[in-house]
Amino acid sequence: MPTEPDRTESAKIELSERELRDITGYAAACAHRTLPIFEDAEPADPRPREALDAALAFAAGGRRTADLRARAWAAFKAAREAPTPAAGDAARAASHAAAAAYLHPLADAHQVKHILGAAAHAARAEELASATPETLDWARHHAPQAVTDVLARLPTAPAGGGRVGHLLRELDAALRV
């Protein structure tokens with residue numbers, strides 16, 4: 001008798017190295033827009049900038065190394081230690097940018113966060129720090145073809161996540177039209 005497929009495993013999707021590099025570069029560009037929010041609050045803390053530099057190096061053809069992953073985690077730690085919510089979201093954007101290099105080729109809604117998390121956190125940082133947030137609109141207009149191509153292979157962004165989750169779903173929906 002045939003067995004049911006394991007519902008806990010997500011189906012695999014096609015994901016080229018070029019797409020992964022383009023997505024990481026896009027995520028870094030989104031996060032870079034709000035890096036000054038973090039650096040104004042914590043000028044002596046280099047962790048988010050180092051995460052973005054590592055993401056950009058990967059996007060430009062560098063290797064996906066343990067150092068890249070460590071810099072993503074270091075930026076995440078900087079976000080947890082940030083003195084303001086806006087600075088925290090700016091550092092989370094940098095963390096997500098470096099982590100974008102580790103997008104898995106799985107048809108799982110969680111993977112949407114790897115693609116759009118940097119943009120959503122950057123938009124939230126900007127929203128908290130500025131009267132004129134523009135990052136979400138910028139992210140929508142500057143998404144490379146790799147972003148929309150890979151999103152088309154994934155389920156839509158998952159529910160939850162508070163305001164950042166709402167921004168993530170808003171961007172996801174806009175990029176799928």
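In this predicted model, Glu39 and Arg49 form a salt bridge whose closest N and O atoms are 2.7 Å apart. Because Glu39 belongs to helix 2 and Arg49 to helix 3, the pair ties together parts that are ten residues apart in sequence. Arg49 itself is partly exposed, with a relative accessible area of 35%. This bridge is one of twelve salt bridges counted in the structure.

A second bridge brings helix 4 into the picture. Here the side chains of Arg47 and Glu81 meet, with an N to O distance of 2.7 Å. Arg47 sits in helix 3 and Glu81 in helix 4, so that this pair links distant parts of the chain, 34 residues apart. The two partners differ in their surroundings: Arg47, at 19% relative accessibility, falls under the 20% limit and therefore counts as buried, whereas Glu81, at 44%, counts as partly exposed.

A shorter-range example is found in helix 6, which covers residues 110–129. Within this helix, the side chains of Glu127 and Arg124 meet in a salt bridge at 2.5 Å, N to O. The two residues are three apart, about one turn of the helix. Both count as partly exposed, because the relative accessibility is 24% for Glu127 and 21% for Arg124. Elsewhere, salt bridges that share partners join Asp45, Arg47 and Glu81 into one network, and the bridge between Arg47 and Glu81 has already been met above.

Helix 4 deserves a look of its own. It comprises 16 residues, 66–81, and at 1.5 Å a residue it should span 22 Å; the C-alpha atoms at its ends are 23 Å apart, which agrees. Its buried residues are Leu68, Ala72, Ala75, Ala78 and Ala79. Viewed down the helix axis, these buried residues fall within an arc of 120 degrees, so they line one face of the helix. The cover over them includes helix 2 (35–41), helix 3 (47–59) and helix 5 (85–99). On the face turned away from the buried side, helix 4 carries the exposed residues Ala66, Trp73 and Arg80.

Ser95 offers a close view of how helix 5 meets helix 4. This serine lies in helix 5 and, at 8% relative accessibility, counts as buried. Its side chain reaches the backbone oxygen of Ala72 at 2.8 Å. Once neighbours within four places in sequence are left aside, Ser95 is in contact with Ala72, Ala75 and Phe76. Ala72 and Ala75 are among the buried residues of helix 4.

Phe76 also takes part in the one aromatic pair that the structure holds. The rings of Trp73 and Phe76 have centres 5.9 Å apart and planes at 90 degrees, so the pair is edge-to-face. Three residues apart in helix 4, Trp73 and Phe76 are separated by about one helical turn. Trp73 counts as exposed, at 57% relative accessibility, while Phe76, at 31%, counts as partly exposed.

Definitions and conventions:
Residues numbered from 1 in each chain as written. Predicted model: local features only at pLDDT ≥ 70, side-chain atom pairs only at ≥ 80, totals over all residues. Heavy atoms only, no water. Helix = DSSP H or I, 4+ residues; strand = E, 2+ residues; numbered from the N terminus. Expected span 1.5 Å × (residues − 1). Buried < 20%, exposed > 50% of the residue type's maximum accessible area, 1.4 Å probe, protein only. Arc of directions from axis to C-beta. Contact = heavy atoms within 4.5 Å. Polar contact = N/O pair within 3.5 Å; in protein donor to acceptor, adjacent residues only side chain to side chain. Salt bridge = Lys/Arg side-chain N within 4 Å of Asp/Glu carboxyl O. Phe/Tyr/Trp six-rings, centres within 6.5 Å; stacked < 30°, edge-to-face > 60°.
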